[in-house]
Each structure stands twice: as structure tokens, then as C-alpha cells.
Amino acid sequence: MAVETDEPGWEVDPDDEWGVAVITTVGRQLKLRREAAGMRAGDFGVAVGYGEDLVYKVEGGKRIPRQEYLDRADEVLGAGGLISAAWEDVKKVRYPKKVRELGKLEGKAVEIGLYECNIIAGLLQTPEHARALIEAAQPPYSPDDVDRMVAARLARRSVYERDPAPSMHFVLEEAPLRRQVGGTMVWRQQLERLLEVGRLHNVTLQVMPTNADAHPGLDGRIELLKFPDGTAVGRSDGAFNGRPITDPKHLRIVELRYGTIRAQALSPRESLAFIETLLGET
């Protein structure tokens with residue numbers, strides 16, 4: 001088996017205490033099992049098909065192993081599925097802490113409202129569109145970090161599979177819809193994805209035309225999540241600097257802003273027709 005040079009895996013966020021604890025424990029168990037089998041790190045790396053440096057990083061809790069790494073290690077060390085089973089713990093911390101926290105909140109919400117000023121909302125992005133956006137960052141992310149961030153963004157789409165489904169509202173600006181991120185084909189696929197999601201029974205998708213008057217969202221994104229117990233959390237750029245908001249007074253302000261934006265945007269039917277028009281222009 002040829003040794004892979006890209007060394008799949010993700011860097012551990014040192015500020016993520018839970019993630020560090022999980023990955024350190026898994027790495028320690030891998031090292032103990034390798035040593036008990038009498039294998040050196042280099043030989044083990046050749047056997048599983050990855051570089052020796054990755055073996056040391058995983059065992060030292062510095063790198064988050066992917067599922068295929070654990071499966072190959074299980075087979076080589078004859079662990080009878082015990083190493084592979086560690087994926088159940090690893091997969092819970094493989095995404096950045098902030099993304100996990102956001103995904104957890106979205107997974108509990110009965111109502112999700114989101115306005116995006118400069119991009120298409122992450123919950124609406126195709127894999128190719130998400131990758132193109134992330135790869136455009138400066139300074140650039142490493143290939144492993146790009147993979148990790150794309151996977152994290154796509155994992156949030158599990159919210160569409162919930163039963164009962166949450167009520168979801170999106171308002172997107174016209175300009176990001178016209179930007180051909182990733183090229184013409186990726187752009188068309190993204191517009192088709194918007195039409196697909198916008199037709200779901202629990203989703204309302206609206207477009208804010210560029211020729212609309214000034215509105216409260218021009219200084220950034222707004223997000224509102226409401227939960228079954230009547231509580232809510234909001235985020236708003238500008239005056240609230242994107243921090244989570246739970247104070248009822250501040251939540252009312254965010255709700256007012258979001259409501260005003262929805263009122264100024266095209267209706268859901270007009271918005272889907274507008275996106276269809278964009279598709280027809282190519």
C-alpha cells in the first residue's frame with residue numbers, strides 16, 4: 001500500500017477544551033495499542049497508508065483523525081472494531097467549536113430566521129459553492145482546514161431532515177446571487193439549490209433587490225432562533241457586533257429589524273421567479 005502524502009486529518013483547536021480532551025484520549029489509546037503490537041510509528045504508518053508524521057500527530061493529540069484512518073488502524077492492529085468505534089466520539093468534535101455550538105442551536109430551534117448581506121447563507125450553500133468561498137480567504141486556509149470547514153458547513157444541513165421540521169425564513173441580497181462564485185456551472189447549481197430549498201413547505205426564501213431602499217440590514221447579517229420553551233437567541237452585526245443576544249429588550253430590536261427587512265424584500269413567489277430569471281440569463 002502506498003503511503004499517502006496529504007496526511008488527511010484536521011488540526012485540533014487548542015481553545016476547544018472538550019475537543020482536545022477527546023482527541024488526546026483517542027491518540028493515547030492508539031499509541032498504547034500500537035506499542036502493544038510491537039510496531040514502530042514508521043512501520044505502522046506504512047501499514048495504514050499514511051505518513052509517520054501524521055501517526056505522531058494523531059497519537060500526540062495534535063491532529064483529528066478521519067474515519068478511514070481509524071478503520072485502517074483497527075484492521076492493522078486487530079482491534080476487533082474498538083478503534084473504529086472511537087469515531088463516534090471523534091466525529092462530535094471534528095468541527096470547530098463555534099460551528100458545533102451553532103449547529104446545536106439550529107438543531108433545537110423551532111423557527112430559524114436569517115438575513116445575509118454579502119453571501120448566500122451557509123444553510124443554503126452547495127458543497128462546491130461553500131468550497132469556493134472558503135478557498136477565496138486570505139491568508140488561505142490549508143487544504144485540510146478547507147475540507148474541515150466545508151464538511152462542517154454541510155453538516156448543518158441536517159436541520160432540513162428534522163421531524164417535525166422547523167419553520168425557516170431566509171432573506172438574501174440580490175448581489176450575492178449574481179456573483180458567479182466557483183464559475184458558471186457551480187453558480188447555476190447554487191441557484192438551482194436555492195429554488196429546491198425555497199419550494200420546501202417549511203421554508204420561506206426572499207430576495208432583497210439591489211434597487212430597494214435603505215433597510216436595517218445594510219450593516220451585516222441578522223439571525224434569529226426560537227425554541228420550543230419560548231426562549232430565543234439572536235445575532236446581529238452592527239450595533240450588537242454579532243454576539244449572541246438573549247436579553248428580551250435586545251431581542252425585540254433584532255426582531256424589529258428582521259421584520260422590516262422581510263417586509264421590504266420581494267415576496268417568496270416573486271423571489272423564486274427572480275432566481276428562475278437569473279438562471280435563464282445564462
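These exercises, each with a worked solution, explore one predicted protein model.

Residues are numbered from 1 along each chain as its sequence is written. Local features need pLDDT of at least 70, side-chain atom pairs count only at pLDDT 80 or more, totals for chains, interfaces and linings use all residues, and side-chain values use heavy atoms, with hydrogens and water left out.

**Exercise 1. The overall picture**

Task: State how many helices and strands the protein has, and what share of its residues is buried.

Solution:
- Step 1. The protein has twelve helices and seven strands. These are DSSP runs numbered from the N terminus (helices: H or I, at least four residues; strands: E, at least two).
- Step 2. Of its 282 residues, 44% count as buried. Buried means under 20% relative accessible area, exposed means over 50%, and partly exposed lies in between (1.4 Å probe, protein chains only).
- Step 3. Turn to contacts, meaning heavy atoms within 4.5 Å. Among those between residues at least 6 apart in sequence, 72% join residues at least 24 apart.

**Exercise 2. Two nonpolar cores**

Task: Find the residues that touch the most other members of the largest nonpolar core.

Solution:
- Step 1. Define the core: buried Ala, Val, Leu, Ile, Met, Phe, Trp, Tyr and Cys residues joined through side-chain atoms within 4.5 Å.
- Step 2. The largest one has 29 residues, and L124, Y160, F170, L177 and L194 touch the most other members.
- Step 3. Elements that each supply at least two residues of this core include β3 (111-116), β4 (167-173) and α10 (184-198).
- Step 4. A separate core has 21 residues, among them V22, V58, A73 and V90.
- Step 5. Now take L124. Beyond four places in sequence, its contacts include Y160, F170, L194 and L205.

**Exercise 3. Helix α10**

Task: Check the span of α10, then locate its packing partners.

Solution:
- Step 1. The expected span is 1.5 Å times one less than the number of residues. For the 15 residues of α10 that gives 21 Å, and the end C-alpha atoms are 21 Å apart, which agrees.
- Step 2. Its buried residues include V186, W187, Q190, L194 and V197.
- Step 3. The buried residues of α10 pack against α7 (127-135), β4, α9 (174-178), β5 and α12.

**Exercise 4. Helix α3 and its partners**

Task: Classify how α3 packs with α2 and with α1.

Solution:
- Step 1. Axes are lines fitted to C-alpha atoms, for helices over the stretch in contact, and angles run from 0 to 180 degrees between N-to-C directions. Under 35 degrees is roughly parallel, over 145 roughly antiparallel, 65 to 115 roughly perpendicular, and the rest oblique.
- Step 2. Helices α2 (residues 41-48) and α3 (residues 52-59) pack at about 105°, with axes 8 Å apart. They are therefore roughly perpendicular to each other.
- Step 3. A41, G42, F44 and G45 of α2 meet E52, V55 and Y56 of α3.
- Step 4. Helix α1 (residues 17-36) packs with α3 at an angle of about 120°, with axes 7 Å apart. That makes α1 oblique to α3.
- Step 5. Here I23, G27, R28, L30, K31 and R34 of α1 meet V55, V58 and E59 of α3.

**Exercise 5. Two single residues**

Task: Are E106 and Y56 buried or partly exposed?

Solution:
- Step 1. E106 is in helix α6 (residues 97-108). Its relative accessibility is 1%, so E106 counts as buried.
- Step 2. Leaving out residues up to four places away in sequence, E106 touches I112, L123, R156, V159, R162, E223 and L225.
- Step 3. Y56 is in helix α3. Its relative accessibility is 47%, so Y56 counts as partly exposed.
- Step 4. Y56 and G45 are eleven residues apart in sequence and 9.4 Å apart in space, C-alpha to C-alpha.
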